[in-house]
Amino acid sequence: MALVEAVGVRKSFGHTEVLKGIDLEVERGEVVCLLGPSGAGKSTFLRCVNHLETIDAGRIWVDGVPVGFRSANGKLYELREREAAHQRRDVGMVFQRFNLFPHRTALENVMEGPVQVLGRDRAEVRAEALALLERVGLAEKASSYPAQLSGGQQQRVAIARALAMKPKLMLFDEPTSALDPELVGEVLDVMTSLAREGMTMIVVTHEIGFARSVADRVVFLVDGAVVETGSPADVLDNPRQPRTRQFLAKVL
Ligand SMILES: Nc1ncnc2c1ncn2[C@@H]1O[C@H](COP(=O)(O)OP(=O)(O)OP(=O)(O)O)[C@@H](O)[C@H]1O
Ligand SMILES: [Mg+2]
């Protein structure tokens with residue numbers, strides 16, 4: 001089974017259906033970039049994968065486990081919020097806005113999850129957190145507070161913080177779109193190396209260059225439906241669908 005399997009995922013807000021039957025598989029170690037115009041449902045879909053939204057129809061499995069459910073005696077039972085939070089531990093998420101704790105240093109931000117949520121040994125977690133900060137190029141900023149860091153540095157701390165939970169899957173929702181242009185590269189570099197190390201990733205992005213060089217597969221979403229999917233070369237350089245061509249003409 002693929003690491004992520006989404007089948008017929010539907011989601012409405014009120015009377016508006018924003019996901020109209022999404023099918024998507026992501027293999028272990030695969031990087032999938034989700035592209036599409038504003039309002040297409042990209043963020044909503046990511047939030048469904050992490051069970052931050054409940055879906056109305058269809059099913060999503062992460063590593064063989066149905067998201068938002070547990071099975072017992074051959075039946076599926078919907079998880080309560082506490083159980084859902086438990087399930088969410090295995091999936092790292094990085095958003096557009098760096099959501100670091102403002103009154104904690106970079107190091108404390110990275111340590112928070114493993115210490116508070118997993119109840120792990122502080123000294124051990126501290127050593128791992130320092131190694132993660134080093135990995136994202138911020139070893140010397142361990143004792144800085146978020147306000148003392150640039151947007152790109154904060155976003156790299158956010159990535160280190162997600163990795164501290166040793167996730168099976170990383171979800172990125174436009175992680176660079178709130179950054180000044182000169183800071184975008186440093187965050188994409190960290191994501192690129194993460195991809196090369198074999199992390200499974202779903203990345204919502206408008207960074208076509210990143211999608212072209214890092215994605216194994218590009219999925220183009222419009223109005224809550226997958227319009228086109230394929231290798232970056234197929235979808236980005238030889239789009240078949242008029243809707244994809246229109247979109248690419250605008251962003252390229
Ligand atoms: N909590 C909510 N309540 C009501 N409508 C919502 C909610 N969240 C999203 N929507 C609507 O669902 C649709 C899809 O939104 P979504 O944020 O998933 O799009 P997106 O593809 O991520 O767009 P963008 O590129 O602008 O981030 C939009 O029409 C949006 O207004
Ligand atoms: Mg969005």
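**Helix packing and internal spaces in the predicted model**

Helix α3, which spans residues 106-117, packs against helix α5, residues 151-163, at an angle of about 25°, and the two axes lie 7 Å apart. The structure described here is a predicted model. Since angles under 35 degrees count as roughly parallel, α3 and α5 are therefore roughly parallel to each other. The crossing of these two helices, α3 and α5, is right-handed. On the side of α3, the contact is made by A106, N109 and V110, and on the side of α5 by V157, A160 and R161. By class, the residues of this contact of α3 with α5 comprise four nonpolar, one polar and one charged.

Helix α3 also packs against helix α4, which covers residues 122-135; the axes of α3 and α4 come within 9 Å and cross at roughly 130°. That angle makes α3 oblique to α4. The crossing in which α3 passes α4 is right-handed. From α3, the residues A106, L107, V110, M111, P114 and V115 take part, and they meet R122, V125, R126, A129, L130, L132 and L133 of α4. The contact of α3 with α4 contains 11 nonpolar residues and two charged ones, with no polar residue. Two residues of α3, A106 and V110, thus appear in the contact with α4 and also in the contact with α5.

A further packing arrangement joins α5 to helix α6, residues 181-196. The axes of α5 and α6 come within 8 Å and cross at roughly 20°. The helices α5 and α6 are therefore roughly parallel to each other. In this case, too, the crossing is described by its hand: α5 passes α6 in a right-handed crossing. The residues of α5 that make the contact are G151, G152, Q153, Q155, R156, I159 and L163, while those of α6 are L183, E186, V187, V190, M191 and L194. Sorted by class, the contact of α5 with α6 holds seven nonpolar, four polar and two charged residues.

Attention now turns to the pockets. The largest pocket has a volume of about 540 Å³. Its lining consists of 22 residues, and those closest to the centre of the pocket are V91, M93, R161, A162 and M165. Two or more residues of this lining are given by each of the elements α2 (81-88), β8 (91-94), α3 and α5. Among the contributors to the largest pocket, α3 gives the most, with six residues. In terms of class, the lining of the largest pocket divides into 13 nonpolar, five polar and four charged residues. R161, one of the residues closest to the centre of this pocket, also belongs to the contact of α5 with α3.

The second largest pocket encloses about 150 Å³ of space. A total of 13 residues line this pocket, and V62, V65, Q87, D90 and V91 lie nearest its centre. The largest share of the lining, three residues, comes from α2. The lining of the second largest pocket has six nonpolar, three polar and four charged residues. V91 is listed among the residues nearest the centre of the second largest pocket, and V91 is likewise listed among those closest to the centre of the largest pocket.

In addition to the pockets, the structure holds one cavity of 30 Å³ or more. About 30 Å³ of space lies in this largest cavity. The residues that line the cavity are R135, V136, L163, V190, S193 and L194. Helix α6 gives the most to this lining, with three residues. The lining of the largest cavity is made up of four nonpolar residues, one polar residue and one charged residue. Of these lining residues, L163 of α5 and V190 and L194 of α6 also take part in the contact of α5 with α6.

Technical notes: Residues are numbered from 1 along each chain as its sequence is written. Chains are lettered from A and ligands numbered from 1 in the order in which they are written. This is a predicted model: local features need pLDDT of at least 70, side-chain atom pairs count only at pLDDT 80 or more; totals for chains, interfaces and linings use all residues. Side-chain values use heavy atoms; hydrogens and water are left out. Axes are lines fitted to C-alpha atoms, for helices over the stretch in contact, and angles run from 0 to 180 degrees between N-to-C directions. Helices (H or I, at least four residues) and strands (E, at least two) are DSSP runs, numbered from the N terminus. Angles under 35 degrees count as roughly parallel, over 145 as roughly antiparallel, 65 to 115 as roughly perpendicular and the rest as oblique. A crossing is left-handed if the near helix is turned anticlockwise from the far one by less than a right angle, and right-handed if clockwise. Contact means heavy atoms within 4.5 Å. Ala, Val, Leu, Ile, Met, Phe, Trp, Tyr, Cys and Pro count as nonpolar, Asp, Glu, Lys and Arg as charged, and the others, Gly among them, as polar. On a 1 Å grid over the protein atoms alone, a cavity is a set of points where a 1.4 Å probe fits but cannot get out, and a pocket is an open set with protein on both sides within 12 Å along at least five of seven lines; lining residues have an atom within 4 Å of a point. Grid points are joined across faces, edges and corners, and a volume is the space filled by probe spheres set on the points.
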